[in-house]
Amino acid sequence: MNLLKTFALSLALAPLTLAAQERYMTRTGHVDFHSSTPIEDIHADNDKVTSVWDATSGAIEFSLLIKAFTFEKALMQEHFNENYMESNKFPKATFKGTLKGVAADQLAKGGSYQVTVEGTINIHGVDQPIKTTGTITVDGKGGIRAESKFQVKPEDHGIKIPGAVRKNIAETMDLNVRMDYTKMP
Amino acid sequence: MRFIPLLLVAALCATHSHAQEDLLGLLGEEESGPEYTNAAFKTTRVINGHSLENTAAGVLDFRIGHRFGPVNGGGREAYGLDGATVRLGFDYGVNDRLMVGIGRSGYQKTIDGFVKYKLVRQCDAGCKAPITLAVVAASSMTTLASDQVPWYNPSRTDYFSHRLSYAWTVIVGRKFNETLSLQLNPGVVHRNLVAAADSPNDVFHVSGAGRVKLTKRLTFNAEYFNVLPDGLDEGFKQSLSVGFDIETGGHVFQLHFSNSAGMFDRAFITESTGDWGKTFSNPSDGAGVHFGFNISRVFTLHEPKRPKG
């Protein structure tokens, strides 16, 4: 009976310990976007992106504050928040999905892995499915960097761009994501 | 041994919850720094007077103001468009709290300058201030020829100091929601020399202004300067202005009607000649309101410090 007890106990604890060992997080991830037109280039950076990645299950989540994007021009930043993103109404953008292409046990050794990420991105309160590719780079000293590039159309997220500035703002934004993960205790 | 099945159930539950977990929830709530309310007004002026907004740090704001003649001048005067007084000005945001500006008005050939400082900034998160509190110190200098100043008197020496006036304003305001922002902006105008012996050198006023946001790019603004009794000289009126702010990319166009033609404190607070009651009167009965506009165009001279990505 003692054996059964130990078995049941270890079964109960196993998922907890496993999961605790293979989760990675950051609060200082980087996301930038770029809009390029012949008239104007617009660029904004956000260095306060939060993300958690569970390497065991592949589940990955991102969250960022719209107001934390910084622009080269103060007025652009004000208009971005006020007129386009309505950041008082929709303060955050989020992503929830799964990352495939690297196994938890591969992260112990250095190397670069091509991965795919698939899930739902929520911007301006509107969900859109998204699928993209990325790279996970492990430097062997425990440093794990995840990088990805993809595109988002403001129109798909209910963000209206008036005719007067149509030529200044691109139809698709180029996004760059760069996360330096640390292992969660 | 009754608890063995219980443990097995616990094991299953643990696996189950693991799969459905809210990963970000594991990190708990994030500490965010103070987040200040922005865009209570589209620009740093409501119409003539200062709003509670500052020019952003490192930004130069080139402002062009026009006030046309009285609208009741009639068709021959193109409803005032034939005669205009102009102010050209440059404002600069030194940092997030401090801005400075200079301007030159056609009205009495006046140069004016000001310093505006935000003591308290209204906060959305991370701090508690429910209002914005700012102070503005301004002065003006008339550069008319000695025999053309309104107080011209051949028997009096024309000291330089006669040409100066000062204005101090306190702005207490709040952006109540996306639509409504209101402010009180009491203050005092000091005139070094006044036209008559019984005119006060110090003119106190308790004034207010507000805006209603109609669409993302259009607001309705109004401001009223209420000079306390006995402050106004004979023939001058309290200043009332109403208008719209129209925002395009880098410009804000402010179109308005005002009974003031001057665009610096002494001029619009103590020397407004138009009368709202005469808006539709015959021109010989006196001036009504003026149509006018301000154009604000910003240039980023110094980029804010930001992450490089």
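**Exercise 1. In what order do the elements of chain A run from the N terminus on?**

Before you start: this is a predicted model, where local features need pLDDT of at least 70, side-chain atom pairs count only at pLDDT 80 or more, and totals for chains, interfaces and linings use all residues. Residues are numbered from 1 along each chain as its sequence is written, while chains are lettered from A and ligands numbered from 1 in the order in which they are written.

Step 1. Know your elements: helices (H or I, at least four residues) and strands (E, at least two) are DSSP runs, numbered from the N terminus.

Step 2. Read along chain A, and you get α-β-β-β-β-α-β-β-β-β-β.

Step 3. Check the tally: chain A has 2 helices and 9 strands.

**Exercise 2. Find the residues with the most contacts inside the largest nonpolar core, and the strands that supply it.**

Step 1. Get "buried" straight: a residue is buried if 20 or more other C-beta atoms lie within 10 Å of its own, exposed if 12 or fewer, and partly exposed in between, with C-beta atoms placed from the backbone. A nonpolar core is then a set of buried Ala, Val, Leu, Ile, Met, Phe, Trp, Tyr and Cys residues joined through C-beta atoms within 7 Å.

Step 2. The largest such core has 30 residues, and the ones with the most contacts inside it are A:Tyr24, A:Trp53, A:Ile60, A:Leu64, A:Ile144, A:Ala146 and A:Tyr181.

Step 3. Several strands of chain A each supply at least two residues of this core, including strand 1 (23-36), strand 8 (144-152) and strand 9 (173-183).

Step 4. Zoom in on A:Ile60. Contact is when the C-beta atoms of two residues, placed from the backbone, lie within 7 Å. Skipping neighbours within four places in sequence, A:Ile60 is in contact with A:Trp53, A:Gly97, A:Thr98, A:Leu99 and A:Val117.

**Exercise 3. Work out which residues stand opposite A:Ala146 in the strands beside strand 8 of chain A.**

Step 1. Two strands pair if DSSP finds at least two bridges between them. Strand 7 (residues 126-138) of chain A runs antiparallel to strand 8 and is joined to it by 5 bridges. Strands 8 and 9 of chain A also pair in the antiparallel sense, over 9 bridges.

Step 2. On one side, A:Ala146 has A:Ile136 opposite; on the other, A:Met179 in strand 9 of chain A.

Step 3. Now look at the hairpin of strands 7 and 8 of chain A: 5 residues sit between the strands, and A:Gly140 takes a positive phi near 85°.

**Exercise 4. Show where the buried residues of helix 2 of chain A point, and what follows the helix.**

Step 1. Helix 2 (residues 74-84) of chain A has A:Ala74, A:Leu75 and A:His79 as its buried residues.

Step 2. Look down the axis of helix 2 of chain A: these residues fall within an arc of 125° (taken from the directions from the helix axis to the C-beta atoms), so they line one face of the helix.

Step 3. What do they pack against? Strand 2 (59-70) and strand 16 (290-300) of chain B.

Step 4. After the helix comes A:Glu86, with a positive phi near 45°. Most residues other than glycine have a negative phi. A:Glu86 lies in the loop between helix 2 and strand 5 of chain A, and counts as partly exposed because it has 17 C-beta neighbours inside 10 Å.
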